[in-house]
Amino acid sequence: MNAKALDIALRFTKDNNVKINSAHAIVRSYLTNRDNCAADYLCSESVKKRNEAEYLVNDSLEFCAENNIPFLVLHLGQLESDEIIFAEKKVLESKHIAPLGLMKLRERYGKEHVYRLVETINHWAEIYPNTKIAIENRNRISQVPMLNELQFILQHTKSSHVGHWHDMAHARAFERLTGIKRSLWWSKIGARVWGNHVQDSKFDYSEHLPLSFGDDQIDKNSLGKTQFWVLEVSSEHPESKLKKSISILNDMRYSLC
């Protein structure tokens, strides 16, 4: 999508009274075909790359402010540790959970980045008070945040401005890798969960599938009770499958009320 197409899409939502409730960083750079790879560099060892990533998040927050979008869903990046990434690859290949030594190494390596991220996120929340920053859980050990890191970030940021946007497929993949039950994201984070990226997935880590076309359990443990459910399904799937997913999601919402 180029800049002109993005402008047409935004005008359509306004002209037809369609409200956009959430956007995903890095929305403007991604939709206008700019390089959005810097989004994964918020935890880079390179100051230059971190600055680029922070610029793109700022741009996304500005986009949300301009278009009255209340939530920005944010990835916090990946750690640049060859040791952790190599060990993680071995775990994926073995189909076993990560050993305790790897988890402890990962925790030590991420600490400094998490402390810095708290300062950066609080700064964004101060500059853009009308946009809530929703931090998404990821599906790999090398990515930020782990569950305990997200708890720390939320404890040290403003509850009215910073929360969690859950991804059910990521939580499933993370449970497979680490043994950390997906239900803990809900029980530990609680009221700070603002939304959920809903999708089906498979045991082989395939994601963004229409509901009932994977092998996940679509129930209260994966969906949770939250303000928003956003169907996050790949656009390569036909309209019929997307409509079926919406129907299933509507049925689930009523059954969980």
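This briefing describes the sheet, the helices packed on it, the aromatic contacts and the cysteines of the structure above. The model is a predicted one. Its sheet is open and consists of 6 strands with parallel pairing. The structure also contains 6 aromatic pairs, and the count of disulfides is 0.

**Sheet**

- The strands of the open sheet follow the order S1-S2-S3-S4-S5-S6.
- Strand S1 (22–24) and strand S6 (228–231) form the edges, each pairing on one side only.
- From one strand to the next, the twist averages 30°.
- S1 and S2 run parallel and are joined by 3 bridges.
- Ala 23 is found opposite Leu 72 in S2.

**Helices against the sheet**

- Helix H5 lies across S2, strand S3 (132–136) and S4, and runs at about 150° to S3.
- Helix H7 (residues 168–178) packs on the sheet and touches S3, S4 and strand S5 (193–198).
- The direction of H7 makes about 75° with that of S4.

**Aromatic pairs**

- A pair of aromatic rings is described by the distance of the centres and the angle of the planes.
- Among the 6 aromatic pairs is that of Phe 71 and Trp 165, whose ring centres are 5.7 Å apart and whose planes stand at 65°, so the pair is edge-to-face.
- Because Phe 71 belongs to strand S2 (residues 71–74) and Trp 165 to strand S4 (residues 162–167), this pair ties together parts that are 94 residues apart in sequence.
- Phe 71 is buried, at 3% relative accessibility, and Trp 165 is buried as well, with a relative accessible area of 0%.
- Tyr 115 and Phe 152 also form an edge-to-face pair, with 5.4 Å from centre to centre and 65° between the planes.
- Tyr 115 lies in helix H5 (residues 100–127) and Phe 152 in helix H6 (residues 147–155), so their pair ties together parts that are 37 residues apart in sequence.
- Tyr 115 is partly exposed, with a relative accessible area of 47%; Phe 152, at 24% relative accessibility, also counts as partly exposed.
- A cluster linked by ring pairs comprises Phe 71, Trp 165, Trp 194 and Phe 228.

**Charges over rings**

- Lys 49 places its charged end over the ring of Tyr 41, 4.8 Å from the ring centre.
- Arg 176 has its charged end over the ring of Phe 203, at 3.7 Å from the ring centre.

**Cysteines**

- The number of disulfides is 0.
- Cys 43 counts as buried, at 0% relative accessibility.
- Cys 64 is likewise buried, with a relative accessible area of 1%.

Note on methods
Residues numbered from 1 in each chain as written. Predicted model: local features only at pLDDT ≥ 70, side-chain atom pairs only at ≥ 80, totals over all residues. Heavy atoms only, no water. Phe/Tyr/Trp six-rings, centres within 6.5 Å; stacked < 30°, edge-to-face > 60°. Helix = DSSP H or I, 4+ residues; strand = E, 2+ residues; numbered from the N terminus. Buried < 20%, exposed > 50% of the residue type's maximum accessible area, 1.4 Å probe, protein only. Lys NZ or Arg CZ within 6 Å of the ring centre and 35° of its normal. Disulfide = S-S within 2.5 Å. Pairing = 2+ DSSP bridges. Axes fitted to C-alpha atoms, helices over the stretch in contact; angles between N-to-C directions. Contact = heavy atoms within 4.5 Å.
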